[in-house]
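This report describes a structure made of two chains. Please keep the sequence and the view at hand while reading.

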Amino acid sequence: MEVPILKQGEVLIATFQAALSDADLENLRRGLLQQVVRFRSRGVIVDVTAMDVMDSFASRTLREIAHMIRLRGAETVIVGIQPEVAFAMVQLGMTLEGVATALDLEEGLAYLTEKFKSID
Amino acid sequence: MSAGEIRVAINSDQDIVLARQKGRALAIDLGFSAVDATFIATAVSELARNILAYARKGEITLRAVQGSNRRGIQVVASDDGPGIPDIHQAMRDGFSTSGSLGLGLPGVRRLMDEFGITSQPGQGTTVKVKKWKQ
């Protein structure tokens, strides 16, 4: 399954679908990093609004994406974690420590804009 | 095979997705809340992942169960893999032998209401969990 990656100025926006397999997530991790390098992006928004399950593998992959992109000098924000998904993640013992999160795409963009300002 | 029993063979990462979708669908059919359906789907995902990581193949069985005065869902994850030599160790948070993937069993126990595991080294592992409707 292809995950669309949209380029909006200095920001890349990846929208996750509900039924992503482990292989899809790994392809996405690779694809996102390549795009960040290619476009010299400063920020990445990963929109997980459609994801109805975030198990240990998905949580870990998201954390890895954010950390890899930070090493590239860009910022990642995870947006749209559904309330019941957040609840299940905590019960499972999966956290996204050190990864920025925001309510939705709009707040994610606002977060990145502020972050860029403070750096410039 | 009893009525309403759903079996999903676990052989690839696509099967993990299929198993958790079927788990969620059955939970919704049985009238579980969105939160509980998500807990059940997440637990199924972890159990299917364990099968793939440790035994490479196995099966997830989902069925409706009737308690004395409540309904519930039962998930059984079984495989003929290497088994777990030390179950107490496997039930500790953060324990993993397959490298990067955690066993996730303590998390599955927290997501569900009842948890049982039997494992014999060399003969496989069966994890049986239940969630009751609130």
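## The first strands of chain A

In chain A, strand β1 (residues 5-8) and strand β2 (residues 11-15) form an antiparallel pair joined by four bridges. The model in which they appear is a predicted one. Within this pair, A:Lys7 has A:Leu12 of β2(A) opposite to it. The hairpin made by β1(A) and β2(A) has two residues between its strands, and A:Gly9 in this hairpin adopts a positive phi near 60°.

The next partner of β2(A) is strand β3 (residues 43-47) of chain A, and here the pairing is parallel, with five bridges. A:Ile13 faces A:Ile45 of β3(A) across this pairing. Between β2(A) and β3(A) the chain passes through helix α1 (residues 22-39) of chain A, and the resulting β-α-β crossover is right-handed.

## The sheet of chain A

How are the strands of chain A ordered in the open sheet? The order of its five strands is β1-β2-β3-β4-β5, and the pairing is mixed. At the edges stand β1 and β5 (100-102) of chain A; each has a single partner strand, so one side of each is left without a neighbour in the sheet. From one strand to the next, the twist averages 25°.

Strand β4 (residues 75-79) of chain A pairs with β3(A) in the parallel sense over five bridges. In that pairing, A:Val77 in β4(A) is the bridge partner of A:Ile45. A:Ile45 also stands opposite A:Ile13.

## Helices on the sheet of chain A

Helix α2(A) lies across β3 and β4 of chain A, and its direction is at about 155° to β4(A). Helix α4 (residues 105-119) of chain A also packs on the sheet, where it touches β2, β3, β4 and β5 of chain A. The direction of α4(A) makes about 160° with that of β4(A).

One residue of α2 (residues 56-71) of chain A is A:Ala58. Is A:Ala58 buried or exposed? A residue counts as buried when 20 or more other C-beta atoms lie within 10 Å of its own. A:Ala58 has 22 C-beta neighbours inside 10 Å and therefore counts as buried. The C-alpha atom of A:Ala58 is separated by 23 Å from that of A:Lys7, a residue 51 positions away along the chain.

## The sheet of chain B

Chain B also has an open sheet of five strands; their order is β1-β2-β3-β5-β4 and their pairing is antiparallel. Its edge strands, β1 (6-10) and β4 (114-120) of chain B, each pair on one side only. On average, neighbouring strands of this sheet are turned by 15° against each other, direction ignored. Seven antiparallel bridges link β4(B) to strand β5 (residues 124-132) of chain B, and B:Thr118 stands opposite B:Thr126 in β5(B).

Two helices lie across strands of chain B. Helix α1(B) lies across β1, β2 (58-66) and β3 (71-79) of chain B, at about 165° to β1(B). Helix α2(B) lies across β1, β2, β3 and β5 of chain B and runs at about 10° to β3(B).

## Contact and confidence

Where the chains meet, chain B contributes 24 residues and chain A contributes 16 residues. On the side of chain B, the elements that give two or more residues are α1 (13-29), α2 (34-55) and α4 (105-111) of chain B. The largest share, nine residues, comes from α2(B). By class, this side of chain B has nine nonpolar, eight polar and seven charged residues.

The predictor assigns the complex an ipTM of 0.91 and a pTM of 0.92. For chain B the average pLDDT is 89, and 90% of the residues score at least 70. Over residues 98-102 of chain B, however, the pLDDT is below 50.

Notes:
Residues numbered from 1 in each chain as written. Chains lettered and ligands numbered in written order. Predicted model: local features only at pLDDT ≥ 70, side-chain atom pairs only at ≥ 80, totals over all residues. Pairing = 2+ DSSP bridges. Right-handed = clockwise from strand over helix to strand, strands pointing away. Buried ≥ 20, exposed ≤ 12 C-beta atoms within 10 Å, placed from the backbone. Contact = placed C-beta atoms within 7 Å. Nonpolar A, V, L, I, M, F, W, Y, C, P; charged D, E, K, R; others polar. Axes fitted to C-alpha atoms, helices over the stretch in contact; angles between N-to-C directions. pLDDT = per-residue confidence, 0-100.
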